[in-house]
Amino acid sequence: MKVLSIETSSKICSVAILEDEKLVKKIELNNGLTHSESLMPLIKQILEETNLTLPQIDLLVCDIGPGSFTGIRIGVATVKAFSDSLDIPSVGISSLEGLAYSINKDGIICSMIDCKNDNCYYAIYQLENGHYTLLESPKADSIENCLTFLNYKYTNSTITFVGDACEVYKDKIETTSSNFVLSDNDNLNTVDVYALGIAGIHKYTQFGEDKNLLPLYLKKPQAQRQLEEKNMVIEDMKMSDLENLDISKLDDFWNIDILKDELTSETSQFICAKYENKIVGFAGIKIILDEADIMNIAVKKDYRRQGIATLLLNHILDFCKDKGIKTIHLEVNEKNFSAISLYQKFGFEECGRRKQYYDNKYNAILMKK
């Protein structure tokens with residue numbers, strides 16, 4: 001079995017080719033570029049260096065998190081695209097399980113990833129005779145709650161800790177219990193793409209492919225948490241909402257009559273972001289069979305750079321996923337750098353251009369996911 005393993009949950013972008021459980025080739029890259037720029041060239045490089053093509057791959061494995069929200073989305077989206085287009089089975093492995101597979105000594109393993117402010121992601125595994133068993137499902141909690149729980153439930157057991165949180169919370173771990181042991185290899189504190197591939201093979205052998213491959217989110221993105229703290233809500237947009245919509249605060253907005261037509265169309269879906277019951281942003285799509293076009297994402301000037309566009313786009317993508325939409329298209333002004341960056345973070349790629357489409361001056365960049 002030839003396996004392509006992809007790891008994008010951290011700042012390091014890495015890929016590996018495995019032949020059954022033997023490592024054939026591994027490439028890691030940490031050059032400051034985004035994973036949207038690095039991943040496809042890395043995959044191309046490793047396939048060329050191993051004299052393989054994608055159709056020769058028997059299994060695709062990717063990291064589903066926790067970790068970088070953007071990196072995880074890019075890795076999952078890439079694997080899903082390959083899997084759907086080439087009919088290659090795929091599985092997702094959590095970062096915590098990938099870390100556990102870096103430990104090869106029998107016993108109980110705590111995989112732990114720092115998520116800032118004295119909080120961590122963690123999961124507990126047991127390794128026995130080469131078989132890894134999940135004892136405690138992945139969770140997000142404070143480091144104090146995590147260590148107290150482990151010390152209480154596994155009082156008489158030695159626990160080996162692995163992950164970047166071991167460096168951050170080293171003193172707290174070691175002073176909580178003499179049975180808590182830190183991994184003696186600092187290289188194991190990040191997810192190894194080879195270990196991820198091994199975990200993927202084991203999961204596929206036992207359970208088959210992931211029919212619904214999705215990122216594992218143990219915490220909501222920071223922007224979304226901040227917006228929810230402000231009582232920002234996302235809901236379906238209704239005709240009555242237009243009474244409170246001040247279009248003068250929105251740049252490049254269509255004619256209001258067009259929006260009214262779209263709100264009554266059976267092939268369109270619009271959502272809006274509301275703060276104190278007033279619309280501060282909205283987004284809409286047009287659905288044709290199993291494809292969708294993003295028609296507009298607009299946020300009031302006074303509410304920009306607060307994650308509202310990200311929240312709206314995230315809801316649009318979730319809606320498309322639930323409806324079985326396979327491809328999503330959009331167009332954006334080549335000078336709208338913030339929008340282009342947002343779309344790239346969510347896995348959209350340029351697929352064409354319309355010359356001087358905006359004001360007979362600026363090109364429209366066509367993108368799809």
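**Strand pairing, helix packing and backbone geometry**

Strand β15 (residues 327-333) and strand β17 (residues 362-368) run antiparallel and are joined by five bridges. In this pairing, Glu331 is set opposite Leu366 of β17. The structure described here is a predicted model. Strand β15 also pairs with strand β14 (residues 291-299), in this case in the parallel sense and over three bridges. Ala292 stands opposite Ile328 of β15. Helix α10 (residues 308-322) completes a right-handed β-α-β unit with β14 and β15. Strand β15 thus has β14 as a parallel partner and β17 as an antiparallel partner.

A second set of pairings is centred on strand β7 (residues 119-128). This strand is mostly covered, with seven of its ten residues buried. Strand β6 (residues 107-114) runs antiparallel to β7, and eight bridges join the two. Within this pair, Tyr121 of β7 is the bridge partner of Ile113. The two strands form a hairpin with four residues between them, and Lys116 in the turn has a positive phi of about 70°. Strand β7 is also joined to strand β8 (residues 131-142), again in an antiparallel arrangement, by nine bridges. Here His131 of β8 is the bridge partner of Glu128. The hairpin of β7 and β8 has two residues between the strands, and Asn129 in this hairpin takes a positive phi near 55°.

Helix α1 (residues 35-49) packs against helix α2 (residues 69-86) at an angle of about 40°, with the axes 10 Å apart. This angle makes α1 oblique to α2. The crossing of the two helices is right-handed. On the α1 side, the contact is made by His35, Ser36, Leu39, Met40 and Ile43; on the α2 side, Gly71, Ile74, Gly75, Thr78 and Phe82 take part.

Ala16 is located in strand β2 (residues 13-19). Its relative accessible area is 0%, so Ala16 is classed as buried, the cut-off being under 20%. Excluding residues up to four places away in sequence, Ala16 touches Val3, Leu4, Ser5, Leu23, Lys25, Lys26, Ile46 and Val193. The contact with Val193 links positions 177 residues apart in sequence, with a C-alpha to C-alpha distance of 6.2 Å.

Several backbone features were also noted. Most residues other than glycine have a negative phi, and most peptide bonds are trans. A cis peptide bond joins Gly65 and Pro66, with omega at about 5°. Pro66 lies in the loop between β4 (59-65) and α2. The loop between α2 and β5 (90-94) contains Asp87, a residue other than glycine with a positive phi, near 55°. Asp87 has a relative accessibility of 69% and therefore counts as exposed, the threshold being over 50%. A positive phi, near 50°, is also found for Gln356, which lies in strand β16 (residues 349-358). Gln356 has a relative accessible area of 48% and is therefore partly exposed.

Note on methods:
Residues are numbered from 1 along each chain as its sequence is written. This is a predicted model: local features need pLDDT of at least 70, side-chain atom pairs count only at pLDDT 80 or more; totals for chains, interfaces and linings use all residues. Side-chain values use heavy atoms; hydrogens and water are left out. Two strands pair if DSSP finds at least two bridges between them. A crossover is right-handed if, with the strands pointing away from the viewer, the path from the first strand over the helix to the second runs clockwise. Buried means under 20% relative accessible area, exposed over 50%, partly exposed in between (1.4 Å probe, protein chains only). Contact means heavy atoms within 4.5 Å. Axes are lines fitted to C-alpha atoms, for helices over the stretch in contact, and angles run from 0 to 180 degrees between N-to-C directions. Angles under 35 degrees count as roughly parallel, over 145 as roughly antiparallel, 65 to 115 as roughly perpendicular and the rest as oblique. A crossing is left-handed if the near helix is turned anticlockwise from the far one by less than a right angle, and right-handed if clockwise.
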